[in-house]
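This report goes from a single glycine to two helices and then to the chain as a whole. Please keep the structure in view while reading.

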Amino acid sequence: MNTISPWAATVHADLENSAVIWEKECHKYNFQAYNTGDSLWIAVTWPESGKMAFRPAFGMNSCFEITNMFDDGQTLVVNLETRLGQYEIIIAFPSENSAVLHYTTTFKANQPLLIPFWPRDIIPLTQKGSVENTNGKIHMNQMGSRSGILFASMTKPKTGSFFYFQDLGSLSDYCEATQTTVDDTVCGSWPEIGFRLPSAEDKPLPAGKPYIISDAYVLFSEGIIDDEIAVTHQFLNNLAGVYRLLPHPEIIYHNWPEITQNCLNDIYTNKGCWTQTNGSPYLNAYLCDYDTPAEVMVQLAVLMPLNELKHWYGGTHPVYNELFNGLEAFYDQKVKTINRWLPALNGQLDNSEIQKKEMVMDSWYLYHPLMNLTRLALKGEKKAEELVLKSIEYAIKVAHHFNYEWPVFYKMDTLEVIRRETEPGKGGEKDVPGSYAHLMLLVYRLTNDKRYLNEAEKSVKKLEGRGFDIFYQANNTAFSAGVLLELFKITGKKEYLDLSYACLACLFKNMQIWDCQYGYGKNYPNYFSVFPLNNAPYTAAYEEMEVYAALSEYLIQAAEIDLLPSLKILIAEFIKYAVGRLPFYYPTKLPAEMISEEVKTGEIQKELWIPLEDLYSGWEKSGQVGQEVYGAGVGFGAMVRQYHQVKNEDFLLFLDYPLINYRKSKQTLRFTVLGSVEFQCNFKIVLNDNNNIKMQVFEQNQIIEPKVKSKMLLEYTVAGGSAIKVSWN
């Protein structure tokens, strides 16, 4: 039996003793509204059995009087009044295809009010009123400032499942007025779960102005989910179902070619980006951090997008060769692999952190640089191929030693475990089996040796049964999704595709799908951002860039399979918003007052086109970790994926969804837009200043006109899944 608070103990009796003020049936679910005095409740009865109550409004020590009700059969509007102020609750059912409840609550106070407490808005019910005697399983809930999601099944009495989504962006005015935050507001312990309005204990809610205090969507289903694959799949379907109904912020277009040139110039010319060792230049991890020895991951994190840029431009920037020529020095003869730190500088590690000790390796750090080296080898870089093939046996040796289940830190020479778990009872770096498998498949492509394919299959078996717990670090989980998709395409084994979807569910669980417009968050777009770690309080430039690049490739590689429809929506929309959001990691795009004066590593030079590592949505200042030189490839990665050159022509195409089937014939260009037909993306033709070309654009063989037309830009909106033709003369 669960322990409950006074705000839950009387709910069933209150409902039993109150009259139904409104009732509606939707897709065989029954919805009844009650005014129980200090709360307005919506009780939902499942088609077979089971009941749950949702509280759109709480009277805060006062009783409600209904002053008006309006019901047009589609939407119910209830106006309530207490001694403290006026409430308006709008209840709607916005989906024709499924049972979805949407309620929005607005409150206007009669006088400035401190709000020290608010009860959660979901309570399970039983036939006999024993709320504390119910049981349920919470599959996931909000962590930090991620999306306001709670996904749960009610198992006693056996009822069904529900997916709750609080659109936290709607509460921005409330948070701005009270200087509060919506972090960790959608969670709780069974049976008191759901959303709790942030407590306004220091700054009162002003009087006389209406504030949205809840904006909730609830999807209902009859099944109780007890399989980790089914849970992750239904999560994706539910999230896409809600996403269809949400309002979405406008996309900001940026001149990525100009940003790219600014980044190249600042990396190459600013001395704070560089250090010298034995006459060779290396990038610092953070601007002006000269104390930490050079890291191989840092060099390759910039080299790989520079390689993509090299192929896009058809020319090589000097910074590329300088970085590439320094890679060989990272090979450690003692352990027969490239090392995280320059072996020549091991004595300069200051032991200030676990990983800053000689021979200590963070598990994912071994495989990440090898992945990028192999990608360079696949692009024809022979020196990279030599380093990979000299290092790969050690990489396999470590995998076998740990039986494909990696700790957090270990000694490279002895393989002694230094730290086994991320937290007590949480296990090690659980998505490294996917990163390792990704490396193995890259080497398989390089060598055509099936040994590496077999290694990949053995490793991904360790991802089974983990559900939402696969995620350790966002970019590694994204790589895991991609390698599982590739294994499915190679082998035809559906379990790999299911696991791939589970990895993607872990990523979308760790995203902020709401628009923070309070505190410093209102200074930049933060909608659909992804967090680097499960408990990270900020989003991070490099991890976001790698997730963006990995998901772009995922959608392209999945074009030939029957991809889960919800993923056609979610992946494409994530990419679209990432393209408009990523430039705001550059401090040049941010107001000075939101950048931290105190920096953990190095220093910040606001005028440089070098990204901040950390962005916070809310009241905390950004850039607390430092200015991230190894994230400088953000601009290069975005430009080569979203801008498409037209051979022998003086204009570019920009699309913020990925595309396939790109082909040119004379003065005609054709391609297919990826994504879902339910959503649209932005298509632009970027013209040269002296260009007098006349353009015609066809979508599904129908000519379309530009939304905006200027001398240098033609702007269109096209649907996902569309066949596009561009002709000119």
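G602 counts as partly exposed because its relative accessibility is 34%, where buried means under 20% relative accessible area, exposed means over 50%, and partly exposed lies in between (1.4 Å probe, protein chains only). The model is predicted, so that local features need pLDDT of at least 70 and side-chain atom pairs count only at pLDDT 80 or more, whereas totals for chains, interfaces and linings use all residues. Residues are numbered from 1 along each chain as its sequence is written, and side-chain values use heavy atoms, with hydrogens and water left out.

G602 sits in the loop between α15 (565-581) and β28 (614-615); helices (H or I, at least four residues) and strands (E, at least two) are DSSP runs, numbered from the N terminus. Leaving aside residues up to four places away in sequence, G602 touches L287, C288 and D289, contact being defined as heavy atoms within 4.5 Å. The C-alpha atoms of G602 and D167 are separated by 37 Å, and these two residues are 435 apart along the chain.

The helix α15, on one side of that loop, can be set beside α12 (residues 474-491). The expected span of a helix is 1.5 Å times one less than its number of residues.

| Helix | Residues | Expected span | Distance between end C-alpha atoms |
|---|---|---|---|
| α12 | 18 residues | 26 Å | 26 Å |
| α15 | 17 residues | 24 Å | 25 Å |

In α12, 14 of the 18 residues are buried, so this helix is largely enclosed by the rest of the structure; in α15, 15 of the 17 residues are buried, and therefore α15 is largely enclosed by the rest of the structure as well. Just after α12, G492 adopts a positive phi of about 75°.

The protein chain has 16 helices and 38 strands. Its radius of gyration is 27 Å, close to the 27 Å that the globule rule gives for 729 residues, so the chain is as compact as a globular protein of that length; the radius is taken over C-alpha atoms, and the rule is 2.2 Å times the number of residues to the power 0.38. Along the principal axes, the C-alpha atoms fill a box of roughly 80 × 65 × 55 Å. Buried residues make up 61% of the 729 residues, and among contacts with a separation of 6 or more, 66% are between residues 24 or more positions apart.
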